[in-house]
Every structure is written in C-alpha cells, then in structure tokens.
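This report concerns one protein structure, shown below.

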Amino acid sequence: MILILLIAVTGGLLVLNYYLGRKDIFAPGFLFCLVFFVGELVCLINISSFAIKLHAITLLVISLGLVGFTLISFIRFRYMDIRDTGDYTRADVQPVSLSNKWYLVLIFLQLATIAGFILYLQNLMDAYQELYGVTVGGLTDQISMYDTLTKFRQTQFSRLSSVVSIPYIWRIGNPVCYSCEYITLYILINNWVAKHKINLPQVCVIALMIIRIIINGSRSPILRIVTAALMIYIVLKYRSSSGDRESQLRMAGRIAIILVIACAAMIALLFSMGRGDKIGDLKTYLFIYTGAPIVNLDHFLQEYSYGFLTGNTDSIYFGMQTFRSLYNYIGKLFHNQSLQYKSVLPFMYSDNGIEIGNVFTMFQNPVYDFGFIGAFLLTVIMAVYYVMAYRRIRLNPDKSQRIDYWLLFYAYLINDLIMSVFSCRFYETIFDAPFLKFAVLTWLIGGLLVEHHVKIGRIVWNIPIFKKKT
C-alpha cells in the first residue's frame, strides 16, 4: 500500500533528520518531516472513513520534497558543523527595558485601529444591505460576512470597496501595530526567561493584538502568534540552560499541551467570528486540517498532467501559483489587473463523497508551475533559509542587539514551516505585501525605540534623540 510506504519513507527521513540536527527535536529538518509524518498517520487512522487510496505519484512528490529538505540538513551537518565546537551557544538572557509610556501609546493606537475597523465593517454591511438587500446582524455576523466576501465573493467585495473605503487609521495603524506587537511579544518572552516577571501593559498589547485579528475574520495570524512565541521561548531557554535531551523532552511536553489548548481555542474562536456552523462533524473538521491536504494533493495530481521538468501548460507567468503573492502585489502597485489573479484551489471530495477542503500541502503550487522537480527545488530553497537561520540563532546570536532580529523573523516564519503539510505558506508569506511591510517596520521601530540605532550589516546609524538620559 502506497500510504504505508509513504509513512515508512517519511519516518526514516524523520529519524535521519533527528541525528543530522544533533538530536534537536526543534531543528527545522526534524519539524518539517514530523508534520508530514503526523499528517500521514492521520490518513492511516481515517483510511476507511474517507476511503483513502494514495497513488505512486503522490509518494514521488512528497518524497522529493522531504529528501530536498534533508539534503540541506546533511550539507550543514557534514560541511559546516564539523567546524563548530560541538556545543550550541549558551549565554545569560538579558532583560530588555522599554518605558511603559511607549506601550500606552501603542495601546491607544490599537484601540483607535480596532474602533476604525469596526466602523468600517458597519458601513460595509450597510452598503451590502443597500446593494443586495441582505441584512447582516451583529458584530459576529459582520465579521463572518466580511471573511466570506474577502475569500469567496471577491466580485461583490470589489463592488463594495468602490463605495466604502478602508479608513486611514486602519491602513496606517494596522501594519504599525502589527510590528510593534511582535516586538512586544519578543520582549515579553525575553524578560520572562531572564527574570520571570510579567509586565501588565505588554500583556494588554498582546490581548488587543488578538482582538484586532479576530475582528478581521482570520484565525491563522493567531496561530502564527502561538508558534512564534513558542519558538522564541525555546531558543531563549536553550541559550540560558543546558538544552540537553531531558530538558528538550520536558519542553516538548509543555508545548504539546499548549498546542492542544491552542487548537481547542482556534475551534472556539469560530463561534466568536460567527462561523460556528462551519465546524459540522468534528472528526471531518479535524481531518480537513491534518490529513486531508495529502489526500487532496493525490487527487490533484491525478486530475492534471505534469512532467518531471514541466508544470501546467496554462501557467502564463514564471511560477504563476508559487509566486502569486508577488505578482498580485506588483499588479496592485502598478494597477495591472492581469497580474492579480486567484489561486488554483478547487474544493475536493474524498472517494466516498465527503468534502475535505481545498488545501493541497506545499507541493501543489511548485508542481503546478515547475513539474515534479519543482517539489524538490522549491523545498531546497526554503530549507536553505530555515536550516541556515536556525544554525545562526543557535550558534552565533547577534549579541550587539538587544533584540535578536534573526530569531524574531525566524520565529515569525516557523509557522509557515509547520503549515507546509497544509499549504505553500512560506512562499505565500515572504512575497506578500503585509510581510514586507512587517519586516521593514519591525527593523525600523525596533531600532529606534529599543536599540537606539538602525543597523544594516556592519553599518550603524545612531539615533541620539531616542537615547535615555544618563
């Protein structure tokens, strides 16, 4: 059976990556193989319920991707780690102090941004009622409708957007708040590791961050917060402790509990967003977010014709689906409608007729654009970033900065690695306008308020006006 063979291949590569990563269960190669291994086990458990039958082509595509990631882990282990001392860098984590007045300013901006968006939602729903004769109820229903319009009724949403514009407080406040909130998250965790103290204004900032995300109708950014916080905590704890196998297992146990609680909270959030009716059968709902992407990938590969070196002949642009976020951003900047197009994500059904969503693991887009070799090459490129960035933050942290920006951005992007079994999140994120704004603003705001200078490589610009008086 192909599924059993796929589990065996993934399991073997999982073990190999465990040793290539110095038995670090949080190393990117191990995590990448682990999420696919879990997804495949979920498929095995539900093999009868969803009539799952994978084909050899799916085994080939997933194996190519896993081997590509493992290859980068091997190169780092064989040709780089031999030059290291054998121990990861250990150092005391120093607390980062920032005046509470800055947090109060941020909280005010957060509240103003939230109020502005709620007013925008109300105006948008009034326009929707006027144009289409449909009344939308309270705030939760408005959030649900906004989510539906932006995801599935884009023609209607475009028409509404021509009538109701997004307020400037949201356009400016949302990206600024987002960057400041992640800086606050880093400082909060850093100071907890350093001195086991919690700052109330920092907690309020994170709480308002979650509220702002909820009213925008999306849960994915909340999961990103959870995974980012966990990764920051893991690395900082590694730096301040032995990081031995026993401590790793204790940490993994705590993280597993946190993730279970987070998953339950993510389901509960559907009700606060007015989308509780979408859960339906809980077993099917959970399968859609775990094993179903592998089944959907199998169906997608069966439906379309690909070569080893050539993707879908309908692709107009280079990497049309893989780099869609970049093309859409360029199209928006230069008002080119031909560059703004939808992804190829049809809703799929299991062989016994159960709807199982429209996500296809990270390999669908690369295969669609570049053929089977795309699953290998695009994974290799992604692996180079994760493997090398993780090696840097573990072996060579930047001690000249109060905030380790390599760690902060790696923690932000670790969600895309974990969600690789779900979709092509890494390439969707790094070429998306919100992330580009986030990266620049985080670097600038962190430099001004926390570091008191802006640094590019070895070049440092001091900002005396923000320095504390001595």
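The paragraphs that follow treat the cores, the cysteines, the first helix, a pocket and individual residues.

The model is predicted, so that local features require pLDDT of at least 70 and side-chain atom pairs count only at pLDDT 80 or more, while totals for chains, interfaces and linings use all residues. Residues are numbered from 1 along each chain as its sequence is written, and side-chain values use heavy atoms, with hydrogens and water left out.

**Nonpolar cores**

A nonpolar core is here a set of buried Ala, Val, Leu, Ile, Met, Phe, Trp, Tyr and Cys residues joined through side-chain atoms within 4.5 Å. Buried denotes under 20% relative accessible area, exposed over 50%, and partly exposed the range in between (1.4 Å probe, protein chains only). The largest nonpolar core holds 134 residues, and those touching the most other members are Phe32, Phe36, Tyr182, Phe287, Phe363, Met382 and Tyr390. Its main contributor is helix α15 (residues 372-395), with 13 residues. Helices (H or I, at least four residues) and strands (E, at least two) are DSSP runs, numbered from the N terminus. Another core lies apart from the largest one and has five residues, including Phe300, Val344, Met348 and Phe360.

Contact means heavy atoms within 4.5 Å. When neighbours within four places in sequence are left aside, Tyr182 is in contact with Met209, Pro221, Arg224, Ile225, Ala228, Leu408, Tyr412 and Phe438. One of these partners, Arg224, lies in helix α9 and is buried, with a relative accessible area of 8%. With neighbours excluded in the same manner, Arg224 is in contact with Tyr178, Tyr182, Tyr412, Leu413, Asn415, Asp416 and Thr429.

**Cysteines**

A disulfide is a pair of cysteine sulfur atoms within 2.5 Å. The search of the whole structure finds zero disulfides. For Cys33, the nearest cysteine sulfur is that of Cys43, 16 Å away; Cys33 counts as buried at 1% relative accessibility. For Cys177, the nearest cysteine sulfur is that of Cys180, 6.7 Å away, and Cys177 is buried at 0% relative accessibility.

**Helix α1 and the residues with positive phi**

Helix α1 (residues 2-20) has 19 residues and an expected span of 27 Å at 1.5 Å a residue, in agreement with the 27 Å between its end C-alpha atoms. The expected span is 1.5 Å times one less than the number of residues. Its buried residues are Leu3, Leu6, Ile7, Thr10, Gly11, Leu13, Leu14, Asn17, Tyr18 and Leu20. Just after α1, Arg22 takes a positive phi. Ala51 likewise has a positive phi, in a residue other than glycine.

| Residue | Phi | Loop | Relative accessibility |
|---|---|---|---|
| Arg22 | about 60° | between α1 and α2 (28-45) | 22%, partly exposed |
| Ala51 | near 50° | between α2 and α3 (56-79) | 30%, partly exposed |

**The second largest pocket**

On a 1 Å grid over the protein atoms alone, a pocket is an open set of points with protein on both sides within 12 Å along at least five of seven lines, whereas a cavity is a set where a 1.4 Å probe fits but cannot get out; lining residues have an atom within 4 Å of a point. Grid points are joined across faces, edges and corners, and a volume is the space filled by probe spheres set on the points.

The second largest pocket has a volume of about 530 Å³. Its lining comprises 22 residues, of which Ile189, Val226, Ala229, Leu230 and Ile258 lie nearest its centre. The elements giving two or more residues to this lining are α7 (168-195), α8 (200-215), α9 (220-240) and α10 (245-272). Helix α10 gives the most, with nine residues.
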